[in-house]
Amino acid sequence: EIEVEYEVSGDGPVEIVYVEKLGGDAQRVRNASLPWTKTVTLKGSALVSVIAVRGATSEGTLSCSAKVDGEEVAQKTSEGTFITAACTKLVF
């Protein structure tokens with residue numbers, strides 16, 4: 001088993017889609033206030049994925065990160081309007 005910690009920060013609110021288990025449906029969080037964190041436990045090989053979408057017309061910043069057992073495996077920062085930050089990593 002691996003412990004995955006997702007984190008999204010920046011200017012909210014945002015919509016967040018994340019993977020909770022391999023082969024399972026992605027979970028969706030609407031109007032999430034930031035910062036947002038979620039820890040999930042995945043078994044064996046896993047797709048670690050968190051995507052945040054900011055639909056605001058005002059300028060802003062959006063960052064995501066994914067950690068596996070405490071080690072950062074993906075990080076992304078976006079700036080602007082109507083921005084997306086996606087952090088995805090295959091873990092074996």
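Trainee: Is Leu 47 buried, exposed or partly exposed?
Mentor: In this predicted model, Leu 47 is partly exposed, because its relative accessible area is 32%, which lies between the cut-offs of under 20% for buried and over 50% for exposed.

Trainee: And where does Leu 47 sit in the secondary structure?
Mentor: Leu 47 belongs to strand β5, the element that covers residues 46-54.

Trainee: Which residues form a nonpolar patch on the surface with Leu 47?
Mentor: Leu 47 shares that surface patch with Leu 22, Leu 90 and Phe 92, and together the four nonpolar residues have about 460 Å² of accessible area.

Trainee: Switching topic, how many helices and strands are there in the protein chain?
Mentor: The protein chain has eight strands and zero helices, so that, read from the N terminus on, its elements run β-β-β-β-β-β-β-β.

Trainee: What radius of gyration does the protein chain have, next to that of a compact globule?
Mentor: The protein chain has 13 Å, which agrees with a compact globule, because 92 residues in such a globule would give a value near 12 Å. Along the principal axes, the C-alpha trace spans about 40 × 25 × 15 Å.

Trainee: What share of the residues count as buried?
Mentor: Of the 92 residues in the protein chain, 36% count as buried. As for the surface, the protein chain exposes about 5,200 Å², of which carbon and sulfur atoms supply 44%.

Trainee: And what about contacts between residues 24 or more positions apart?
Mentor: Taking the contacts in the protein chain with a separation of 6 or more, 54% of them come from residues that are 24 or more positions apart.

Terms used. Residues are numbered from 1 along each chain as its sequence is written. This is a predicted model: local features need pLDDT of at least 70, side-chain atom pairs count only at pLDDT 80 or more; totals for chains, interfaces and linings use all residues. Side-chain values use heavy atoms; hydrogens and water are left out. Patches are made of residues with over 30% relative accessible area and no salt bridge: like charges are joined within 9 Å, nonpolar side chains (Val, Leu, Ile, Met, Phe, Trp, Tyr) within 5 Å. Accessible areas come from the Shrake-Rupley method with a 1.4 Å probe; for residues, only the protein chains shown count as cover. A salt bridge is a side-chain nitrogen of Lys or Arg within 4 Å of a carboxyl oxygen of Asp or Glu. Helices (H or I, at least four residues) and strands (E, at least two) are DSSP runs, numbered from the N terminus. Buried means under 20% relative accessible area, exposed over 50%, partly exposed in between (1.4 Å probe, protein chains only). The radius of gyration is taken over C-alpha atoms; the globule rule is 2.2 Å times the number of residues to the power 0.38. Contact means heavy atoms within 4.5 Å.
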